[in-house]
Amino acid sequence: MRRVAQLALMSVVAVAAAWMSFSALTGLARLAHIWPPYLLPVAVDAYAVAATVTWLASPKGTAVRRWSAANSLGAILTSIAGNSAYHGLTEAGVEHLSWVLAAAVAAVAPLALWLVIHLHGLVTASNPPGVARTAPAQTTPAIPKPTQPRTHRKPTSPTGKTAAARTHAAAELAAGRALTGGQLARQFAIDPSLGRRIMRELATATNGNRAHTDGHAQ
């Protein structure tokens with residue numbers, strides 16, 4: 001509610017000031033025989049508003065901000081001078097301006113046109129069409145992938161390797177498949193001499209079993 005009241009009061013002040021300045025500058029244009037006379041306050045006061053808005057909306061330190069600030073102050077001072085001149089001249093009973101003052105008032109229009117074109121050029125150069133201002137992209141930190149826990153295999157002890165090699169060799173011999181000590185050593189990553197020894201022991205045990213079986217058979 002308070003903000004609405006503030007905006008309403010500011011609007012009332014702006015309308016009243018604009019209307020009084022409009023009337024004074026229009027009267028000054030009539031004294032200078034400028035037609036249509038109401039365009040003089042538009043060229044001065046409207047440009048003051050446009051330059052002020054551009055000034056406040058421009059980034060600090062830019063050419064647009066510096067130029068629009070200077071133009072805003074210049075347009076306001078011109079409006080003040082025009083309002084003061086009109087009321088002073090009318091109080092003095094002047095109905096027609098001298099050629100010098102009429103020429104000065106008439107120069108306001110082309111000067112305002114040049115100033116606003118220059119301002120438009122600066123604004124366009126600082127904000128090219130089709131190029132939108134974007135905020136700096138915020139990089140989202142990459143979420144590390146969950147790592148699978150490593151399963152550590154317990155190294156097979158030499159005794160375990162020897163037992164596994166012996167079991168495998170016995171199964172191979174029982175199945176009638178040929179197997180050497182070197183092959184057994186490479187397969188179970190054991191010493192070649194150990195592989196040959198296992199094969200000799202299994203061969204001796206196999207021959208002994210056969211002899212024992214033959215003896216019972218007789």
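This is a short guided tour of the model, stop by stop, with a selection to make at each one.

The model is a predicted one, in which local features need pLDDT of at least 70 and side-chain atom pairs count only at pLDDT 80 or more, while totals for chains, interfaces and linings use all residues. Residues are numbered from 1 along each chain as its sequence is written, and side-chain values use heavy atoms, with hydrogens and water left out.

Begin with the whole chain shown as a cartoon, where you will find 8 helices and 0 strands; helices (H or I, at least four residues) and strands (E, at least two) are DSSP runs, numbered from the N terminus. Of the 218 residues in the chain, 24% are buried, where buried means under 20% relative accessible area, exposed means over 50%, and partly exposed lies in between (1.4 Å probe, protein chains only).

Next, select Glu201 and Arg166, whose side chains meet in a salt bridge at 2.7 Å, N to O; a salt bridge is a side-chain nitrogen of Lys or Arg within 4 Å of a carboxyl oxygen of Asp or Glu. Glu201 lies in helix α8 (residues 192-217) and Arg166 in helix α6 (residues 158-174), so the pair ties together parts that are 35 residues apart in sequence. Add Arg197 to the selection, and a salt bridge between Arg197 and Glu201 comes into view at 3.8 Å, N to O, with both residues in helix α8, 4 residues apart, about one turn of the helix. Arg166, Arg197 and Glu201 are thus linked in a network of salt bridges.

Now select Glu172 and Arg177, which form a salt bridge whose closest N and O atoms are 2.9 Å apart. Which of these two is buried and which is partly exposed? Glu172 is buried, with a relative accessible area of 14%, whereas Arg177 is partly exposed, at 46%.

Move on to helix α7 (residues 181-188), and colour Gly181, Leu184, Ala185 and Phe188, which are buried. Looking down the axis of α7, you will see these buried residues fall within an arc of 100 degrees (taken from the directions from the helix axis to the C-beta atoms), so they line one face of the helix.

Finally, select Asp45 in helix α2 (residues 39-57). Asp45 is buried yet has no salt bridge, and the nearest side chain of opposite charge, Arg30, is 13 Å away; here Lys and Arg count as positive and Asp and Glu as negative, while His and the chain ends are not counted.
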